Amino acid sequence: MVIKKRQILWDWTNSAGAGNPGVPDKINQVPFGNSSPVASVVNWNAWVPPELKDRAPFRPMVRVLQSASGNDWAMIENTKYPIILFFNEPERAGISPEQARDIWNKQMLPLRKNKGKKLGSPAVASDDNGRKWIEKFMSLVAHNPPDFLCLHYYSKNGGDAIKYIQDMHNKWPQHKVMVTEIACIDRNAQAVVNFTVQVCNWMDGQDWVFEYGLFDFQRKVADNFISPAAQLMDANGNFTELGKMYVHQQPMKAPGKAEVHAAEIATVGPVSHEPSDAVFHAAEVASNGEFSVAAALSPDQQNALNIHNNKRKAKGLKPLIWDNQLAKNAEAYAKHLAQIGKLEHSSGDQRPNQGENLAAASGSNTPLAMAANMWLDEEKNYHGEPIGQGNFGSYGHYTQCMWRSTTKLGMASAKDAKGSVYIVGRYSPPGNVVGQKPY
């Protein structure tokens, strides 16, 4: 069963208008219909994007004070759509809770009483000023509250995002929640993917989350706060890999982390593995220790190092050296993965100045070499684009292995109770810097 909660935050510049040709046809990349997780479209305005063509409900917004009068208000009063959103980060637009209350009582409530519309609360930023503003507003309209509590959230940590949304719902548990803007602000592409997958899948599973919108579909980065790695559209209006995941996948899966069984290989794309390895997982994230150069290596360690360096030599890159401390760090984390029974990246503070590649297999006698081959086999998916462009999930392990400024490598593996093997690669300095190329 499809869970339809995802809003398309369709920036107004995508629509054609005077002096703005836009890219209206690019909305056709959205899979509208009953089998799609897409629930609605928002453009922060009262007017409907003409290119929407009624393929999904539109959520008109009274965005600022001026929207409560003139032509914008006339469109709000006459809209056929059932839900109306009210004020976008009013605390940053100089709108007081008292002003918002007055407009709420005078103009918004009659839309509900006389026309049966449902109303969203003002959506505030998640900082102290935003929280204080919405608490005051909700107290002022307690006798006639909104139908939906609308929230915004931006950070680098998916767990923090989930905690904030849950905490706000706990304050006003009688209201369903609309998270009308959310995104990861980390500059690392895989960190953005991991955040997005974690948070979207969690929101899909909460009955009290009515809808949510990943920020956003527009051709340029909105400001310096927003991460280029979180863009859902490229400069030409085509959806990025993250944008495609958002509109198509449910549940969402970080590229390479899905289980791949023999019968599924044709549909999920090429997978590099030894014949004895039936199931694979892989993931990568770069972050930012003290290191010690290795002495004698085991055959599997030496083979994995050679696999890396043979590929680097072919590109004219300096060889990596094996580092015992990195290998110890990798071993400790591989044991942790074996204990929890799943691939899950370590946090940045657990591996300062270390990039990380992960893999898992149902069994292997040479897990380190196997993982190195699998990661480097992604070369066929890399076409020289800067990190964050193209299908990063299909080449990110390769680019970390091949990062020009990376000089040290440590790898280790651990088995869980069922015999599955978890492999961790640690790299220093880390690679996969958004906007840069590996060589």
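The paragraphs below go through a group of strands, a set of salt bridges and one buried charged residue. The model is a predicted one.

A convenient place to start is strand β7, which spans residues 176-184. Eight of its nine residues are buried, so β7 is largely enclosed by the rest of the structure. Part of its surroundings can be described by the strands that pair with it. On one hand there is strand β6, made up of residues 148-155, which pairs with β7 in the parallel sense over eight bridges. Within this pairing, Leu149 has Val177 of β7 as its bridge partner. To get from β6 to β7, the chain passes through helix α4, residues 158-171, and this β-α-β crossover is right-handed.

Strand β7 also pairs with strand β8, residues 209-217. These two strands run parallel as well, and four bridges join them. Val177 appears again here, since its bridge partner in β8 is Val209. Val177 can therefore be followed in both directions: it is the partner of Leu149, and it is also the partner of Val209. Between β7 and β8 the chain crosses through helix α5, residues 189-204, in a β-α-β crossover that is right-handed. When looking at these strands, it helps to remember that in a regular strand the side chains alternate between the two faces of the sheet.

The next topic is charge. The structure holds 18 salt bridges, and three of them are followed here. One is formed by Asp54 and Lys80, whose closest N and O atoms are 2.5 Å apart. Asp54 sits in the loop between β2 (38-42) and β3 (61-62), while Lys80 sits in the loop between α1 (70-78) and β4 (83-86), so the pair ties together parts that are 26 residues apart in sequence. Asp54 counts as partly exposed, because its relative accessibility is 48%. Lys80 has a relative accessible area of 56% and is exposed.

Another salt bridge joins the side chains of Asp127 and Arg92, at 3.0 Å from N to O. Here too both residues are in loops: Asp127 in the one between β5 (118-119) and α3 (128-140), Arg92 in the one between β4 and α2 (97-115). The pair therefore ties together parts that are 35 residues apart in sequence. With a relative accessible area of 31%, Asp127 is partly exposed, whereas Arg92 is exposed at 57%.

In a further salt bridge, the side chains of Arg112 and Asp147 meet at 3.1 Å, N to O. This pair links distant parts of the chain, 35 residues apart, with Arg112 in helix α2 and Asp147 in the loop between α3 and β6. Arg112 counts as partly exposed at 21% relative accessibility, and Asp147 is partly exposed at 24%. Salt bridges can also share partners, and in this way Glu89, Arg92 and Asp127 are joined into one network.

Asp323 gives a contrasting case. This residue lies in the loop between β10 (321-322) and α9 (324-340). Asp323 is buried yet has no salt bridge. Why does it have no salt bridge? The nearest side chain of opposite charge, that of Lys408, is 4.5 Å away, and a salt bridge requires the nitrogen to be within 4 Å of the carboxyl oxygen. The side chain of Asp323 does reach the backbone nitrogen of Gln325, at 3.0 Å.

Notes: Residues are numbered from 1 along each chain as its sequence is written. This is a predicted model: local features need pLDDT of at least 70, side-chain atom pairs count only at pLDDT 80 or more; totals for chains, interfaces and linings use all residues. Side-chain values use heavy atoms; hydrogens and water are left out. Buried means under 20% relative accessible area, exposed over 50%, partly exposed in between (1.4 Å probe, protein chains only). Lys and Arg count as positive and Asp and Glu as negative; His and the chain ends are not counted. A polar contact is a pair of N or O atoms within 3.5 Å; within protein, one must be able to donate a hydrogen and the other to accept it, and residues adjacent in sequence count only if both atoms are side-chain atoms. Two strands pair if DSSP finds at least two bridges between them. A crossover is right-handed if, with the strands pointing away from the viewer, the path from the first strand over the helix to the second runs clockwise.
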